[in-house]
Amino acid sequence: MIVAGGWSGRRYAVLGLARSGIATVNALLAGGASVTAWDSDPARRDAVSGATLADPLEIDLAGFDGVIVSPGVPLNSHPIAAKAAAAGVPVLGDIELFAQARADLPPHRVVGITGTNGKSTTTALIHHILQTAGMPVLMGGNIGLPILEQQPLPAGGVYVLELSSYQIDLTTTLDCDVAVLLNITPDHLDRYDGFEAYAASKARLFAMQSAGHAAIIGIGDTPSALIARHVAQAGRSADLTKIAPGVCMDQSRWPSLQGPHNAQNALAAIAACEALGVDNAAIDAGLASFSGLPHRMQRVAEVNGVAFIDDSKATNPESVAPALAAFPRIHWILGGKPKGDDLDACRPGFGHVVRAYTIGEAGTHFAEVLAPVMPVEEAGTLDAAVRAAAARAKQGEVVLLSPACASFDQFSDYAERGRAFARAVEDLR
């Protein structure tokens, strides 16, 4: 695991013992720290070994060197923030601990990727391109891989970190060699004092950077464009690469990177890899061989010239819109447990839909919504929808599972729904 020599002899409290919390406890203990750990879930507390179990809200925090909280702990409402402040103890996250450990690691570089949308795909894409180029590379952070539990890279390695705004809020010294901001749209506003505060959280990724380190910023929205302007006005124009929206690109050689949103993700990844010195041939090879993230516009098969795309993670209409924009002729499977009554956010892509197939709890209502604008049938189940779509789809067309709904009416989660889609496609062979 990744540890810092500077933790030895220090005292930390860790609040939240999911995967990243457990990794944090283990890394701090391995670094010689004294750790007090807590989670409201008794089963998670039982998984802890070597730490004192106590709720940081119930103990005296005086003398502690930090309270490490899960990104899921809302600092704007959870009492731990006020209690730590009263004791003069900083509230940190595992990404800050990684930043502290960097001095003890072999020479390396760090890429940090943030943004409201697309950051997981861009993180995985950069990681894949660097692997293709033969560079030692690890991926971690918000993508679900705790960085502290991984083995340190050899000299010349690159750590690629997906960073949510919550993780940035808990970080003070992460100086990314390459920092990427894709976009900023309203999200997580329950955790911030308005949209401007949310955007300011993203901007801190660049405020922590040293001059001379690369800043790559998508300028398709006003808040991101303002951050790019501030970076330039801070005397870092030479560091700045702007990713403009609507750039025409030949994405035909990148089967898992279709649609305008993935054009932006690809441009950001290309700029990041170029900043790391990766040659164009390796970048091209990585873009072409990237298979995508599971259940996010993932190409699961091609049957009789028809591509089958799993976008099961698109659980609301806003997240479906980019998928409908990505392909010219789509057989669209949608439905499940609805999060709303309309599909208005999807309307710009309706012209790409050859036929819709509705499933689940929302099936009847969505069929009624779509019937005036496109051919639609109520398939009921995912298996039936796949069979019906496969029977009608022609060579060159796409069968797209992009449900615009939660999965809980028929499946345990979106991942199970995606796996069921893949099985149904496999049964067509």
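Leaving aside its neighbours within four places in sequence, which residues is Thr116 in contact with? I shall open with that question, and I should say at once that the model before you is a predicted one.

The residues in contact with Thr116 are Asn183, Ile184, Thr185, Asp187, Tyr198 and Lys202, once neighbours within four places in sequence are set aside. Thr116 itself sits in the loop that runs between strand 6, residues 108-114, and helix 5, residues 119-132. Its relative accessibility is 10%, and because buried means under 20%, Thr116 counts as buried.

Asn117 lies in that loop between strand 6 and helix 5 as well. Is Asn117 buried or exposed? Neither word fits fully: with a relative accessible area of 44%, Asn117 is partly exposed. Its contacts, again without the neighbours within four places in sequence, are Leu182, Asn183 and Thr185. Asn183 and Thr185 therefore appear in the contact lists of both Thr116 and Asn117.

Both residues also figure in a record. An unreviewed UniProt entry places the feature "binding site" at Gly115, Thr116, Asn117, Gly118, Lys119, Ser120 and Thr121.

I turn now to the interior. The largest nonpolar core has 49 residues, and those that touch the most other members are Trp7, Leu28, Phe98, Tyr159, Leu174 and Phe206. Which helix gives the most to this core? The answer is helix 4, residues 94-101, with five residues. Let us take Trp7 as an example. Not counting residues up to four places away in sequence, Trp7 touches Ile2, Tyr12, Ala27, Leu28, Gly31, Gly32, Ala33, Leu97, Gln100, Ala101 and Leu148. There is also a second, separate core, which has 34 residues, Val111, Ala214, Ile216 and Leu257 among them.

Next, the empty spaces. Rolling a probe the size of a water molecule over the atoms shows where such space is left. How many cavities of 30 Å³ or more does the count give? It comes to one. The largest cavity holds about 40 Å³ of space. Its lining is made up of Val14, Ser20, Gly21, Thr24, Ile68, Val69, Ser70, Pro71 and Asp94. Helix 1, residues 19-30, and strand 4, residues 66-69, are the elements that give two or more residues to this lining, and helix 1 gives the most, with three. By kind, the lining residues of the largest cavity are four nonpolar, four polar and one charged.

The second largest pocket has about 220 Å³ of space. Its lining consists of Ala18, Arg19, Ser20, Ser70, Pro71, Asp94, Gly141, Asn142, Gly144, Leu145, Pro146 and Gln167. These divide into four nonpolar, six polar and two charged residues. Ser20, Ser70, Pro71 and Asp94 line both the pocket and the largest cavity.

Finally, the C-terminal part. The unreviewed UniProt entry places the feature "domain: Mur ligase C-terminal" at residues 295-405. Over residues 295-405 the chain is 26% helix and 32% strand, with the end C-alpha atoms 14 Å apart. Within these residues one finds helix 12, residues 363-370, which contains Glu368. Why does Glu368 count as exposed? Its relative accessibility is 56%, and exposed means over 50%, so Glu368 falls in that class. Glu368 and Ala404 are 36 residues apart in sequence, and their C-alpha atoms are 15 Å apart in space.

Definitions and conventions
Residues numbered from 1 in each chain as written. Predicted model: local features only at pLDDT ≥ 70, side-chain atom pairs only at ≥ 80, totals over all residues. Heavy atoms only, no water. Core = buried A, V, L, I, M, F, W, Y, C linked by side-chain atoms within 4.5 Å. Buried < 20%, exposed > 50% of the residue type's maximum accessible area, 1.4 Å probe, protein only. Helix = DSSP H or I, 4+ residues; strand = E, 2+ residues; numbered from the N terminus. Contact = heavy atoms within 4.5 Å. UniProt positions renumbered as here; feature names shortened; annotations may be inferred. 1 Å grid on protein atoms, 1.4 Å probe; cavity = no way out; pocket = protein on both sides within 12 Å on 5 of 7 lines; lining within 4 Å. Points joined across faces, edges and corners; volume = space filled by probe spheres on them. Nonpolar A, V, L, I, M, F, W, Y, C, P; charged D, E, K, R; others polar.
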